Amino acid sequence: MTDYPHLLAPLDLGFTRLKNRVLMGSMHTGLEETGNWNRVAEFYATRARGGVGLMVTGGMAPNREGGVFPGAAGLFSAQDIANHRTVTDRVHAAGGKIAMQILHAGRYAYSPECVAPSAIKSPISPFVPKELDEAGIEKQISDIATAAARAREAGYDGVEVMGSEGYFLNQFLVTHTNKRTDRWGGSYENRMRLPVEVVRRVRAAVGDDFIVIYRLSMIDLVPDGSTWDEVVTLAHAIEKAGASIINTGIGWHEARIPTIATSVPRAAFTWVTKKLMGQVSIPVITSNRINTPQVAEQVLADGCADMVSMARPFLADPDFVAKAADGRAAQIAPCIACNQACLDHTFSGKISTCLVNPLACYETELPITPATPAKTIAVVGAGPAGLSAAITAARRGHKVTLFDRAECVGGQLNMAKVVPGKEEFAGLVDWFATMVESTGVALRLATEVQAGDLDGYDEVVVATGVRPRDPGIPGQDSPNVLSYVDVLQGGAPVGDTVAIVGAGGIGFDVAEFLAEDHSPTEDLQAWLEEWGVADPAQARGGLAPDGPHPAPPARQITLLQRKAEKLGRRLGKTTGWIHRATLAMKGVKMIGGVTYEKIDETGLTVLRGNSPEDRERIMAQNVILCAGQVSERSIADALGAKNGKVHVIGGADVAGELDAKRAINQGVRLGASL
Ligand code: NAP
Ligand code: SF4
C-alpha cells in the first residue's frame with residue numbers, strides 16, 4: 001500500500017494512459033539553445049527514468065516573432081524535427097511520455113519584431129509590439145498549428161499550448177492588453193476567439209490520438225484581468241475545441257504578487273484550480289509551490305485537481321516519483337523555491353541548474369561515477385559545501401568521515417531556515433541529514449578537529465565556512481550591539497527600534513525576521529491578505545479591490561548600507577523585488593550612501609554626505625551588524641603547508657558573495673572528482 005494513492009494512480013485519456021498524476025511542468029533550461037541534443041535528451045530521459053507520468057518541454061517558439069528572445073528554439077526545419085526526435089526517442093526508451101510546449105510570447109518577446117493584439121508595451125520588455133492585422137493573426141494561428149503538427153512528427157506524445165502567464169494567447173483575453181474593435185477584440189466572445197481557434201486548429205493538425213494540453217490563466221493577478229465567469233467560459237470553449245487536459249496558470253509575469261517564490265505558501269493557489277473542478281469533463285491540472293509528494297497527494301485528495309504539475313522539483317530531484325513510490329520520500333532532494341540557479345540563470349542568459357542539485361542540466365557534463373580506488377576522506381565542516389562533498393564522495397564508494405563542532409548539520413542553512421518565508425531551508429537541512437545517513441557517511445558532530453587529527457586520511461576537505469566580518473565601527477562593543485548570528489541563531493532579545501548595518505542577503509533576512517511576528521508563509525489566508533489576492537469570482541483577475549493588507553510591523557527598522565545604490569539591488573534577479581516589497585510593506589526605512597560614525601547606547605550616528613551637517617542620528621535600542629563575512633581558514637592554513645591533499649571549499653575558500661548555490665556546487669564537483 002502506497003502513501004500516495006491519488007498521486008500514483010494512472011490517468012486514462014482514452015487513446016493513451018499516463019502512469020501517474022504527476023506532470024513535470026515546462027521550464028526554460030536553455031539546453032535546446034546549446035545545440036547539444038544529446039545533453040537535452042539526457043536531461044529529459046533522466047526524468048523519464050525517475051517515473052514522472054508526463055513531461056512538458058520548455059517553450060518552443062512557433063515562429064520567429066513569437067520567440068521569447070531572438071534565436072529562441074523552435075521546430076522550423078527538418079533538422080530541428082530530427083533533433084527533437086533524439087529527445088523523444090530517448091524519453092520513450094526510458095518509458096516516459098513527453099509533450100512539447102508551444103510558447104508564443106506576444107508582447108513579452110524580448111525583440112523589436114514582437115507582435116500582439118494591440119500595440120501596448122509590457123512593463124517587463126523595452127519593445128512596443130506591432131499590432132497584428134487580420135492576415136497577421138491568421139499567420140500566428142497557422143504557425144502554432146504547424147508547430148503542433150511538427151511536434152507530432154518529431155515523436156512527441158502531445159503539445160501544451162501556452163495560454164497563460166500573460167503570453168500571446170492570454171494577451172487577447174483581457175482588455176488590459178487587447179483594445180481591438182474587430183472580431184478579435186471587444187466582447188469576451190471576441191477576445192477568446194483567438195485562443196479557442198488556436199486549440200481547434202491544433203487539434204485538427206494533430207489528429208485525435210495526441211495529447212493537447214491548454215495552459216489556462218485561472219487568476220491573472222493584473223488589473224483588468226479575467227473574471228471567474230470568463231475563466232469558466234473559456235475552459236468550456238477550450239474543451240469543446242478539442243483540448244485533452246487543462247493546466248493551470250497563475251499570475252502574469254508582470255504581476256506584482258509573488259506566485260512561485262519560496263515565501264509563497266505551499267500549494268497556495270490550488271483553491272483556484274479547485275473552483276474549475278466539475279465545470280469541465282477533461283482532466284484539470286493544478287500547479288505552483290507544490291514540492292513534496294505529501295503536499296501533492298493532499299491536493300489531489302482534497303479534490304483540487306485531477307493531476308499535479310511540478311516543475312522545479314524535477315530539477316532538484318529527477319527521481320521524485322520513483323522515490324515517493326518506493327518509500328524513500330525523505331531522500332527526495334527538496335526544491336526550496338529559491339529560483340537562484342534556475343529562473344535567475346534563465347533571466348541572466350545562463351543554462352538553468354539547481355541550487356540543491358548541480359547535476360540538473362549537467363547530466364552529461366558531470367557524471368557521478370564509482371570511485372576507483374576507494375579512499376578515506378575527512379570533511380571538516382557540515383555546512384552546505386562540506387555536506388555536498390561528503391555525500392557525493394560517499395555515493396561514489398569513498399569512506400567519508402564528516403566533522404563539525406556544532407551539534408547538528410547544516411551550518412549557515414540553520415540561520416536561513418528561521419527567517420519568515422525561508423522555511424523551506426529546514427527541509428533542505430533535513431534532507432542533508434537523511435543523505436548523510438543513507439550514503440554511509442560517518443558523522444562526528446560536536447567535535448572540534450585539529451589539523452593533527454587529519455594526518456591519516458587520503459584526502460582532506462576543509463569546509464569550515466565563514467565568520468562575521470568586523471566592520472570596526474567605533475562603539476560597536478556597546479551591549480546593545482548584536483551580530484546576525486546572535487539574532488538568528490542565538491535567539492538574543494531585540495528591542496522595538498532597530499538599526500541594521502549592512503543590507504546584503506543577510507541584512508535583508510534579519511530585517512524580515514525582525515519585522516514579522518508570524519510568518520505569513522505558514523498562514524495562507526494571512527499571506528493572501530498581505531499581498532492583496534482575492535477570489536477571482538469576487539474580484540476581476542483576483543486582485544483585492546482595496547489592495548494589500550500587510551500585518552503591522554513587529555518593530556521599527558532602519559536598514560543601512562554604505563553603497564549609494566538602491567538597497568537590495570544585488571539580491572536574486574527574480575526574487576529581489578519580493579524582498580524589497582516585503583520590507584516596504586513593513587515600513588522598513590532603507591538608507592544607502594552612509595558612513596558609519598559611531599554607535600552608542602541610544603543608536604547609531606551616520607554621515608549621509610561629506611560635511612558635519614550631513615550627520616544623522618538613528619535612534620535604535622539595538623544595532624545589528626550584518627556586514628558580510630570572512631573565511632574561517634584556521635584549519636586550512638594549519639594544514640596547507642604539511643599536506644598536499646587538502647581541498648578548501650565553500651566560504652573557507654572565498655567568503656565574498658558566498659551563497660548556498662556556490663557552496664553546494666563546489667562541494668558536489670569536488671566530491672565527484674576525488
Ligand atoms: P553580503 O551580501 O556581501 O553583504 C554584506 C553587507 O555588508 C553589504 O550590504 C555591505 O554593504 C556591508 N558591508 C561590507 N563591508 C562592510 C564594512 N566593513 N562595514 C560595514 N558594512 C559593510 O553578505 P551577507 O549579507 O552576509 O550575505 C552573505 C551571502 O549570503 C551573500 O552572498 C548573500 O547573497 C547570501 N545570501 C543570500 C540571500 C538571498 O536571499 N538570496 C540571503 C542571505 C544571504 P556596503 O559595503 O555598501 O556597506
Ligand atoms: Fe528549486 Fe532553487 Fe533548485 Fe530552482 S534552484 S529548482 S528554485 S531549489
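What distance separates the centres of domain 1 and domain 3, taken over C-alpha atoms? In this model, which is a predicted one, the answer is 42 Å. The domain assignment behind that question divides the protein chain into domain 1, covering 55–290, domain 2, made of 376–468 together with 630–673, and domain 3, made of 481–516 together with 551–627.

Let me begin with the barrel. Eight strands form a closed barrel, in the order E3-E4-E5-E8-E9-E10-E11-E12, and their pairing is parallel. From one strand to the next the twist averages 30°. If you look at strand E10, residues 245–250, and strand E11, residues 284–286, you will find that they run parallel and are joined by two bridges, and that Asn247 has Ile285 in E11 as its bridge partner. Packed on this sheet is helix H9, residues 293–301, which touches E11 and also strand E12, at 307–310, and whose direction makes about 145° with that of E12. Elsewhere, helix H2, residues 78–93, lies across strand E4 (54–60) and strand E5 (98–102), and with respect to E5 it runs at about 145°.

One residue that I would like to point out here is Glu165, which sits in the loop between strand E8, at 158–163, and helix H4, at 168–173. Is Glu165 buried or exposed? With a relative accessibility of 8%, Glu165 counts as buried, because the cut-off for that class is under 20%. Setting aside neighbours within four places in sequence, the contacts of Glu165 are Tyr108, Asn170, Arg215, Ser217 and the run Gly249, Ile250, Gly251, Trp252 and His253.

Next, the surroundings of ligand 2. The residues around ligand 2 are Arg312, Leu315, Cys335, Ile336, Ala337, Cys338, Asn339, Ala341, Cys342, Cys354, Leu355 and Val356. Sorted by character, this shell consists of 10 nonpolar residues, one polar and one charged.

We come now to a second sheet. This is an open sheet of five strands, ordered E15-E14-E13-E16-E27, again with parallel pairing. Strand E15, at 442–444, and E27 stand at the edges with a single partner strand each, and therefore one side of each has no neighbour in the sheet. Direction ignored, neighbouring strands of this sheet are turned against each other by 20° on average.

Walking through the pairs, strand E13, residues 376–380, is joined to strand E14, residues 399–403, by five bridges, and the two run parallel. Within that pair, Ile377 stands opposite Val400, and Ala378 stands opposite Thr401. On the E16 side, E13 pairs with E16 in the parallel sense over four bridges, where Ala378 has Val460 as its bridge partner. E16 in turn pairs with strand E27, residues 646–648, in the parallel sense over three bridges, and there Val461 stands opposite His647.

How enclosed are these strands? In E14, four of the five residues are buried, so that this strand is largely enclosed by the rest of the structure. Strand E16, residues 459–462, is covered on both faces, since Glu459 and Val461 on one side, and Val460 and Val462 on the other, are all buried.

Finally, two places further along the chain. In helix H19, residues 576–585, the buried residues are Gly576, Trp577, Ile578, His579, Thr582 and Leu583. What do the buried residues of H19 pack against? Their partners are helix H17 (505–515), helix H18 (524–531), strand E20 (556–560) and strand E21 (589–591). After H19 comes Gly587, with a positive phi near 70°.

The other place is Thr602, found in the loop between strand E22, at 595–600, and strand E23, at 603–607. Thr602 has a relative accessible area of 39% and is partly exposed. Not counting residues up to four places away in sequence, Thr602 touches Asn480, Arg617, Ile618, Met619 and Ala620. From C-alpha to C-alpha, Thr602 and Ala385 are 40 Å apart in space, with a separation of 217 residues in sequence.

Methods
Residues are numbered from 1 along each chain as its sequence is written. Chains are lettered from A and ligands numbered from 1 in the order in which they are written. This is a predicted model: local features need pLDDT of at least 70, side-chain atom pairs count only at pLDDT 80 or more; totals for chains, interfaces and linings use all residues. Side-chain values use heavy atoms; hydrogens and water are left out. Buried means under 20% relative accessible area, exposed over 50%, partly exposed in between (1.4 Å probe, protein chains only). Contact means heavy atoms within 4.5 Å. A residue is near a molecule or strand if one of its heavy atoms lies within 4 Å of it. Ala, Val, Leu, Ile, Met, Phe, Trp, Tyr, Cys and Pro count as nonpolar, Asp, Glu, Lys and Arg as charged, and the others, Gly among them, as polar. Domain bounds come from an automatic or database domain assignment. Two strands pair if DSSP finds at least two bridges between them. Axes are lines fitted to C-alpha atoms, for helices over the stretch in contact, and angles run from 0 to 180 degrees between N-to-C directions.
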